[in-house]
Amino acid sequence: MTKQLSDLPHPSGRVPILGDIRSVDRRRPTQHEATLARELGPIFQRELLGDRLVVVGGSALGRETLNEQNWGRALVGPLAQLREIAGSGLFTARSKDPLWGQARRILTPGFSQEAMRAYHDAMASVAEDLVAKWTRHPVLDVHDDMTAATLEVIGRAGFSQRMGLLGDGQGADGTDAFVAALGRVLTWASESTNDLPIVGAVRELLGAGRRRQDVATARTFVENIIERRKASSAKDNDLLGLMLDSIDPETGDKLPVDNVRDQVLTFLAAGHETTAALMEVALFHLAADPDLANELVAVEMEGTHLDYSTVVKLRRTRAFINECLRLYPPAPGFFRVARTDQNLGGYTVPAGRAVFVLALAAQKDPAAWGPDAEEFRADRFLNERLTASSGRFFSPWGAGPRACIGRQFAIHEVTLLIASILTRFDLKLTEGHGNLTLRERATLRPDPFQIVATPRETRR
Ligand code: HEM
């Protein structure tokens, strides 16, 4: 006999009408839910004014929701809010929208191995600019520099557009305003999801004007990128080239003009925020553990030229990156919707009902990952095959046909940036930055911290 969702465990302190209001952490919602998952078990509920969120935080149940036959992707929560800025871009399009399939088919060649090889030089140019900047300013703000580096990478590799964020004196106008506007919209999308209706309505009233302005700023910025490309004679073989010129093999259509704008915005946003978060986590661990940094250099980087073929062979670095993704998934969870009635952990999830799969909890569920599940072990993914097929939930890139299209792009970029940094610098955390804390703005991203980068040649 399965039970109803109303029977699910819930946080203590529930009050009439408002429900689990006491257990809402508006600023760090998914981290709080991960704590609740430890207390309440692999599936639980949180209710606000009769609105029930079902959270799946266990590894085994999380894996069940990855079965595409029974579950699909749901466009709810912060994702639905982001449609306000990204419209029907790939990330926020409804799966049933024909434009989603069309864009995915048109853009998939932009993420092939061949495409990655072609992006390598643009990525390496960003790594070199970053190294030059750190040589000039050895005490650095990791958040700002990773925002800059990852935006430069997606700008230069994806759109043949320099952003001018790494002090090289060239780039698009208005990049800083674009970054600030985007940051505010992402924060709003995350925080407003946890608002009580009345509070949300008031906040909405107060913030709508600012947000309209932010959306307009972001759209103008990308429209300028598109216009500049159209005006140039260059037919660059990059993501923007595909968006503007490619014909969908199935429908024979190009992407509509508005949709190209939404796609550029989507790729600038999805392509930098998550990758910057991952880079920051990685740099924190490398700065906190110089032995680990030295080992990675000594074992697989020293004396190598970081060309495409070398970077794809950096196995230890990739294992280290996977461990960062396991404990600090930049996308801390995603929604899945039951296609038909499902039995999930003894509870009936009716067809059409969405559940929130909390990767942040499932990827450190001790039932699957063992007693050291919460520990950071840089070599964990080196010794065992710990992918989703190994019986443990590991899904930092999402699942199914809506899984991250930029996965290989991000892995290559992060591996190359880490290798370029480690072979040139010793990293050290500055005083008072000994703990990694995370803030949430649709993604899970470290609070700003600083590190000191000392050129390796001069340390002895
Ligand atoms: C560490 C870096 C990254 C992480 C952890 C990440 C994670 C994810 C996840 C979890 C999803 C699925 C979300 C859901 O189902 O709700 C997703 C989708 C997506 N990602 Fe990424 N991503 C990263 C980097 C990138 C990059 C570099 C790009 C572009 C160059 C990108 C573009 C996209 C797009 C367009 C989608 C939507 C795909 C679709 O629905 O068809 N991502 N990403």
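How many residues surround the ligand, and which of them are the closest? In this predicted model, local features are described only where pLDDT is at least 70 and side-chain atom pairs only at pLDDT 80 or more, whereas totals for chains, interfaces and linings use all residues. Residues are numbered from 1 along each chain as its sequence is written.

The ligand is surrounded by 26 residues, a residue being near a molecule if its C-beta atom, placed from the backbone, lies within 6 Å of it, and the closest are Gly271, Thr274, Gly398, Cys404 and Gly406. Two or more residues of this shell come from each of helix H11 (257-288) and helix H18 (407-422), where helices are DSSP runs of H or I with at least four residues and strands are runs of E with at least two, numbered from the N terminus. Helix H11 gives the most to the shell, with seven residues. By class, the shell holds 17 nonpolar residues (Ala, Val, Leu, Ile, Met, Phe, Trp, Tyr, Cys and Pro), three charged residues (Asp, Glu, Lys and Arg) and six polar residues (the others, Gly among them).

Two features of the backbone were also examined. Most residues other than glycine have a negative phi. Isoleucine 17, in the segment before helix H1 (29-40), has a positive phi near 65°, and this residue counts as exposed because it has 8 C-beta neighbours inside 10 Å, the limit for exposed being 12 or fewer other C-beta atoms within 10 Å, with C-beta atoms placed from the backbone. Leucine 49, in the loop between strand S1 (43-48) and strand S2 (51-56), likewise has a positive phi, of about 50°, and with 11 C-beta neighbours inside 10 Å leucine 49 also counts as exposed.

Conventions: Buried ≥ 20, exposed ≤ 12 C-beta atoms within 10 Å, placed from the backbone.
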